[in-house]
Amino acid sequence: MSVPQHIAIIMDGNGRWAKKKGLPRNAGHTAGAKNVENICLAAKKLGVKYLTLYAFSTENWSRPDSEVKALMKLLSGYLDKCVQTAHENKMHIRVIGDISRLEPKFQQQIIEAERVSSVYEDLNLTIAINYGSRDEMLRAMRNVCTDVKTGTLQLEELTEAVFDSYLDTKELPDPDLLIRTSGEQRLSNYLLWQLAYSEFYFTNVPWPEFDEQELKKAIDAYENRDRRYGGIKEE
Ligand code: IPE
Ligand code: IPE
Ligand code: MG
């Protein structure tokens with residue numbers, strides 16, 4: 001099988017990585033944010049077209065205030081840097097999730113990053129911020145209902161493809177491969193609809209240590225999978 005066109009990653013384990021080194025959790029997040037750029041470059045080099053990263057979930061608001069603040073600051077700083085490298089690396093940046101709960105300045109920054117990078121297509125980098133799959137589907141359903149009520153959409157026209165077009169990920173193909181770092185084997189409310197037929201890869205390596213070599217291992221594992229989509233194996 002060829003290189004996955006779209007890889008989604010649950011970047012987990014920053015806190016445990018830091019704890020093991022005797023550092024505060026936020027030091028783990030700083031190291032994790034630094035690693036994002038390396039993985040973007042590695043993914044592009046390996047021929048991946050879409051990379052979708054889980055940065056902050058709808059559930060992560062339940063973390064201590066100081067950690068939430070630090071994460072938001074890191075994300076905003078990262079986005080700034082990302083815009084610079086977007087030009088160099090021809091990277092189209094998108095953000096999925098409900099950004100209306102973020103600071104207005106941060107929301108503006110996101111809109112601007114998406115706008116200036118929209119001309120590029122070498123790598124499509126999507127960052128999930130205040131993202132939760134159930135929240136995304138509920139928001140989509142509300143918009144579907146509104147459109148049915150106003151007559152913009154007929155109920156009979158609501159197919160999987162049409163529902164797809166109401167999701168935050170409407171411009172992206174479904175992920176071929178999902179990677180979760182740091183040992184946990186769960187989805188934590190990530191892309192539940194979009195991952196219906198994706199291959200899963202779990203590794204014990206914590207996110208700050210997940211490098212090009214590790215990405216290559218995940219892709220190698222993917223290439224040895226046998227994807228059937230409900231059919232039978234072709235000999
Ligand atoms: C992932 O690392 C980063 C975010 C969820 C924002 P964690 O902070 O979840 O790290 P662990 O799981 O506690 O080690
Ligand atoms: C999922 O990781 C969210 C992100 C990576 C942003 P968590 O570490 O928050 O997930 P749980 O709480 O362990 O399931
Ligand atoms: Mg975690």
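Helices here are DSSP runs of H or I with at least four residues, numbered from the N terminus. The legends below describe a predicted model.

**View 1. Residue A218 in helix 7.** A218 belongs to helix 7, which covers residues 212-223. Its relative accessible area is 0%, so A218 is buried, the limit being under 20%. Leaving out residues up to four places away in sequence, A218 touches L177, I179 and Y201. One of these contacts, I179, is separated from A218 by 39 residues in sequence, while the C-alpha atoms of A218 and I179 are 7.5 Å apart in space.

**View 2. The largest nonpolar core.** This core has 42 residues. The residues with the most contacts inside the core are I7, I9, L51, L125, I129 and I179. Helix 3, residues 65-89, gives the most to the core, with 8 residues. A second core, separate from the largest one, has 10 residues, including Y54, A128, L178 and L195. In soluble globular proteins, nonpolar side chains tend to be buried together.

**View 3. Surroundings of L125.** L125 is among the residues with the most contacts inside the largest nonpolar core. With residues up to four places away in sequence not counted, L125 touches C40, L51, L53, Y78, C82, M91, H92, I93 and R94. L51, one of these contacts, is also listed among the residues with the most contacts inside that core.

**View 4. Residue H92 in strand 3.** H92 is found in strand 3, which spans residues 91-96. H92 has a relative accessibility of 10% and therefore counts as buried, since the cut-off is under 20%. The side chains of H92 and R94 are joined by a polar contact of 3.4 Å. Not counting residues up to four places away in sequence, H92 touches E114, S117, S118, Y120, L123, N124 and L125.

**View 5. The site of ligand 2.** The residues surrounding ligand 2 are I10, M11, D12, Y54, A55, F56, N60, R63, R180, R186 and S188. In the side chain of D12, an N or O atom is 3.1 Å from an oxygen atom of ligand 2. For N60, a polar side-chain atom lies 2.9 Å from an oxygen atom of the ligand. For R63, the distance from a polar side-chain atom to an oxygen atom of ligand 2 is 3.1 Å. Ligand 2 taken alone exposes 390 Å², and the protein buries 77% of that area. Y54, one of the surrounding residues, is also included in the second nonpolar core.

Note on methods. Residues numbered from 1 in each chain as written. Chains lettered and ligands numbered in written order. Predicted model: local features only at pLDDT ≥ 70, side-chain atom pairs only at ≥ 80, totals over all residues. Heavy atoms only, no water. Core = buried A, V, L, I, M, F, W, Y, C linked by side-chain atoms within 4.5 Å. Buried < 20%, exposed > 50% of the residue type's maximum accessible area, 1.4 Å probe, protein only. Helix = DSSP H or I, 4+ residues; strand = E, 2+ residues; numbered from the N terminus. Contact = heavy atoms within 4.5 Å. Near = heavy atom within 4 Å. Polar contact = N/O pair within 3.5 Å; in protein donor to acceptor, adjacent residues only side chain to side chain. Areas by Shrake-Rupley, 256 points an atom, 1.4 Å probe, with all protein chains shown as cover.
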